[in-house]
Amino acid sequence: MAIINSVLGPLDTADLGFTLMHEHLIVAAAGVYRDYPELLGSNLIDRVVDELKKAKEGGIDTIVDLTTLDLGRDIELMAEASRRSGVNIIACSGWWLDVPRFFEGVSADQMAEVFIREVEEGISGTGIKAGLLKSASDMTGVTPEAEIILRGVARAHLKTNVPIALHSYSPGQVGRMQLPILNEEGVDLKRVKMDHSNDTTDVEYLTWLLDQGCFLGLDRYPGWNVSPLARTQTMKALIDAGYTDRLCPSHDGTVLRVMAANPLISEEERLKANPYGFLYIKKVVFPQLREMGVSEETVNSLCVDNPRNFFEGG
Ligand SMILES: [Zn+2]
């Protein structure tokens, strides 16, 4: 048992229940929700609450929202949505991939300080505290700016003891660059979750990551480039290899996003790929696992025991 920060205050890990470990209420950019809400469409808060209520009715108890400031995080939206839907929400501090001009010359210690404030005192002056820390690297590997954030996140973790989620680019095995930096900072890798790990089917790479001690976010469903079934087959291979207790399935789903005039994927296509929203894993992935012969007990542990163990310290 441990007490962690949810957007509605302290939460006992025994009450996490069925937890999706990597989702978003908003994906946009800093300030968009407040200043340009029309870009996100209409009835913003109601749309978020409706999605969360559907999730709650389908058995989702907790959502970890990995929206950082640069992705458009709005902490008051999260709190209201949690209050009205009954879904626990855990917010993060840290940074995604947007590189602002001010990064030039900013130190890891300076970034650690603002992240620590968001964990210990609260976000945006609300007193609502972050429950985990995020750092991101993508196709270009750990850039100089990403390294500042990664070290800042590591130092904030060492001070606050809240765990770390890493956005990573698994087809390029970018975790091989991220983990040594955390090691160098003295982070116990049991406190780290390597996200978007199911964008590859390379079991050798994934078991290497697991052997370093970290958790894996299998958190792109239905995802793209790799089929949903191939993602589940990869999860099954990791279960068979004995790593069940550190696999965290989730969707990397989003309720509010900028309503682009010419989106890459139309709303109809999106809905066709995932008509279930935050329930896709329960409705599609878990039945696939059962069909592949994974026991009911194992299936049920993935989104209940593993999130709890991650927050309690691996
Ligand atoms: Zn995400």
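What percentage of the contacts in the protein with a separation of 6 or more comes from residues 24 or more positions apart? The share is 81%, where a contact means that the C-beta atoms of two residues, placed from the backbone, lie within 7 Å. Before we look closer, please note that this is a predicted model, in which local features need pLDDT of at least 70 and side-chain atom pairs count only at pLDDT 80 or more, while totals for chains, interfaces and linings use all residues. Residues are numbered from 1 along each chain as its sequence is written.

**View 1. The whole protein, with 12 helices and 11 strands.** Helices (H or I, at least four residues) and strands (E, at least two) are DSSP runs, numbered from the N terminus. The C-alpha trace spans about 50 × 45 × 40 Å along its principal axes. The radius of gyration is 18 Å, which agrees with the value near 20 Å for a compact globule of 314 residues; this radius is taken over C-alpha atoms, and the globule rule is 2.2 Å times the number of residues to the power 0.38. Of the 314 residues, 47% count as buried. A residue is buried if 20 or more other C-beta atoms, placed from the backbone, lie within 10 Å of its own, exposed if 12 or fewer, and partly exposed in between.

**View 2. The largest nonpolar core, with 79 residues.** Such a core is a set of buried Ala, Val, Leu, Ile, Met, Phe, Trp, Tyr and Cys residues joined through C-beta atoms within 7 Å. A91, L132 and L216 have the most contacts inside this core. Its largest share, seven residues, comes from helix α5 (residues 144–160). Leaving aside residues up to four places away in sequence, L132 touches V64, I90, C92, V162, P163, I164 and A165. A second, separate core has five residues, including Y221 and I281.

**View 3. Helix α5, a mostly covered helix.** Of the 17 residues in α5, 12 are buried, among them I148, L150, R151 and H157. They pack against β5 (88–94), α4 (108–120), β6 (132–136), β7 (164–167) and α6 (175–185). From first C-alpha to last, α5 reaches 24 Å, close to the 24 Å expected at 1.5 Å a residue; the expected span is 1.5 Å times one less than the number of residues. Just after α5 comes N161, with a positive phi of about 70 degrees.

**View 4. Helix α6 and its buried face.** G175, Q178, L179 and L182 are the buried residues of α6. Seen down the helix axis, they fall within an arc of 95 degrees, so they line one face; the arc is that of the directions from the axis to the C-beta atoms. Their packing partners are α5, β7, β8 (192–195) and α7 (203–211). On the other side, P180 and E184 are exposed.

**View 5. Loop residues with a positive phi.** S124 and D252 each have phi near 55 degrees. S124, in the loop between α4 and β6, is exposed, with 12 other C-beta atoms within 10 Å. D252, in the loop between β10 (247–249) and β11 (254–257), is buried, with 21.

**View 6. The cis peptide bond between Y221 and P222.** Omega for this bond is about -5 degrees. P222 sits in the loop between β9 (215–218) and α8 (228–240).
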